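Colleague: Please take me through the ligand site and the domain arrangement of this entry.

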Amino acid sequence: MSDTFDLVVIGGGPGGYNCAIRAAQLGMSVACIDKRGTFGGTCLNVGCIPSKALLHSSELFEETSHLDRLGIIVGKAKLDLPAMMSHKDNIVSELTAGVEFLLKKNKITGIKGAAKILSPGKVEVARHNGATDVLECRNIVVATGSEVMPLPGVEIDEERIVSSTGALALAEVPKALVVVGGGVIGLELGSVWRRLGADVTVVEFLDHIVPGTDADARKTFQRALKKQGIKFKLSSKVTGVEKQKTSLKVSVEPAAGGAEEAIECDTVLVSIGRRPYTDGLGLDEVGVERDERGRIHVDSRYHTNIPGIYAVGDVIEGPMLAHKAEDEAMAVAEILAEKPGHVNYDVIPSVIYTSPEFAWVGLSEEELKAESIAYKSGKFPFMANAKAKVGGMTDGFVKVLADAVTDEVLGVHIVGPDAGTMIAEAALAMEFSASAEDIARTCHAHPTLSEVFRQAALGVDDRITQM
Ligand code: FAD
Ligand code: NAI
């Protein structure tokens with residue numbers, strides 16, 4: 001069988017399905033292929049959504065045990081892990097079915113099967129039902145995402161030695177969990193299992209967690225996580241994991257070399273990053289160029305070196321974030337429709353959904369210094385905010401960094417309650433090239449957490465009023 005489309009999108013994650021939908025809205029005939037049994041990609045199936053479901057449930061579990069400080073006596077919370085997991089699984093099923101519905105609603109041919117590019121304009125699909133088809137098309141967008149970066153010498157079995165996928169589906173709460181890598185996944189999923197009762201140790205190669213973030217903010221963030229009981233072994237590397245009958249022996253060495261020590265645990269989470277996923281796509285045969293890290297090389301219009309083949313999302317350069325993939329997806333669909341699609345890479349927010357949350361957009365103090373940009377800084381703590389006090393969530397601060405000459409906001413860093421929601425205001429302000437003064441002059445409702453943002457903006461000009 002042979003079908004003809006304007007566009008074939010390979011991958012049904014945030015990069016793939018958003019591209020397919022936008023292209024269909026713009027009048028193209030579109031097929032979207034995913035080799036997983038459900039659409040939604042890593043994000044909906046084994047990433048953003050299940051992790052946030054467990055973060056939410058585990059936060060409530062922990063919170064419930066502390067309600068007596070508000071005069072609410074409920075006794076000690078009891079955990080029903082299978083029920084918590086089914087809640088997560090139900091959300092995933094609803095949302096992935098939702099994507100399938102959106103594809104149908106937009107008259108997109110959704111295909112479950114593995115795709116291989118035969119040549120520009122020709123994609124072979126090995127369907128889940130056993131049939132193999134060749135789709136013909138004017139253009140191809142590759143949005144095949146990423147996969148877990150393996151740790152040499154440590155074999156992931158997804159039961160005792162797990163990646164994020166296994167850590168989202170553990171059958172029991174580990175007594176002791178060693179997390180290899182103090183990045184986003186390690187801290188989010190480490191938080192989940194600590195809240196549910198695990199003793200969590202994070203082993204991080206560098207001398208700090210979440211590399212690339214504002215140092216001042218991440219120190220406050222790490223202090224808050226430490227206060228909750230997460231242990232950190234920084235400047236350390238895991239050199240091996242030995243499986244014993246009921247436990248695991250993790251060998252850890254100083255990153256710079258030195259005496260080895262062993263940590264006993266029952267579960268290890270490997271979360272040292274993700275790498276682009278292009279297996280079986282036929283890229284080498286077609287001649288699509290990739291960089292030294294395996295990322296598909298594209299120009300500013302997401303075009304590869306091969307005519308008619310484009311790529312977006314985790315499989316290309318840039319932060320591996322669902323909203324970055326989504327923005328690129330819409331941009332490439334618009335470019336294919338000869339419209340001016342674009343993504344502003346200077347204003348892509350990042351959020352770590354722990355408690356407190358850690359969110360940032362734009363440049364850190366270290367980056368401003370490295371680029372010799374003169375800046376002013378305003379900072380305000382949640383401790384001095386009424387709404388944060390009401391909720392008992394006073395750890396952290398908002399920091400606004402603005403150009404010393406023009407006052408334009410260049411970076412915002414938030415550690416605190418609802419930082420992930422609040423960062424949207426900062427991103428919007430930066431998208432409109434707002435000055436710190438613009439934010440300071442914007443009326444913010446009282447009592448809200450967003451007043452902390454305004455006070456921090458006032459702080460850029462030394463006019464904080466509430467402290
Ligand atoms: P993916 O979502 O990975 O989708 C690619 C799809 O392509 C997959 O479904 C795959 O099956 C399919 N595919 C691959 N090869 C083929 C082929 N040959 N034929 C057919 N189909 C193929 N990001 C956030 O912004 N916020 C978060 O809170 C967040 N949480 C995360 C939590 C975890 C545990 C993980 C692992 C990731 C998280 N991310 C988060 C990152 C986010 O999931 C990714 O950035 C996002 O999914 C990338 O989208 P994508 O479309 O590029 O790729
Ligand atoms: P990461 O890149 O965020 O963190 C990996 C950490 O592991 C780094 O701190 C790194 O220094 C450390 N590391 C590397 N090798 C090591 C080693 N051998 N031993 C010890 N530490 C080592 O990667 P992570 O956490 O796996 O997440 C992958 C991607 O998924 C991220 O790029 C992130 O963007 C995305 N993601 C986003 C989320 C969000 O937006 N909330 C949530 C989860 C994932």
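Colleague: Which helix gives the most to the shell around ligand 2?

Modeller: This is a predicted model, in which local features need pLDDT of at least 70, side-chain atom pairs count only at pLDDT 80 or more, and totals for chains, interfaces and linings use all residues. Residues are numbered from 1 along each chain as written, chains are lettered from A and ligands numbered from 1 in written order, and side-chain values use heavy atoms, without hydrogens and water. The shell holds 22 residues, a residue being near if one of its heavy atoms lies within 4 Å. Three of them come from one helix (a DSSP run of H or I, at least four residues, numbered from the N terminus), namely α6 (residues 184–195).

Colleague: Which side chain has an N or O atom 2.6 Å from an oxygen atom of ligand 2?

Modeller: Polar contacts here are pairs of N or O atoms within 3.5 Å. The side chain of E188 has such an atom 2.9 Å from a nitrogen atom of ligand 2, and F205 places a backbone N or O atom 3.2 Å from a ligand nitrogen. The oxygen contact at 2.6 Å belongs to the side chain of E204.

Colleague: Between which domains does ligand 2 lie?

Modeller: An automatic or database assignment sets the domain bounds, and domain 3 spans 347–459. Because domain 1 (2–148 + 275–343) and domain 2 (161–272) both give residues to the shell, ligand 2 lies between domain 1 and domain 2.

Colleague: How much area do domain 2 and domain 3 bury between them?

Modeller: Their C-alpha centres lie 29 Å apart. Buried area is the accessible area (1.4 Å probe) that two parts lose on being put together, summed over both. Carbon and sulfur atoms carry 61% of it, and the total is about 1,500 Å².

Terms used:
Polar contact = N/O pair within 3.5 Å; in protein donor to acceptor, adjacent residues only side chain to side chain. Helix = DSSP H or I, 4+ residues; strand = E, 2+ residues; numbered from the N terminus.
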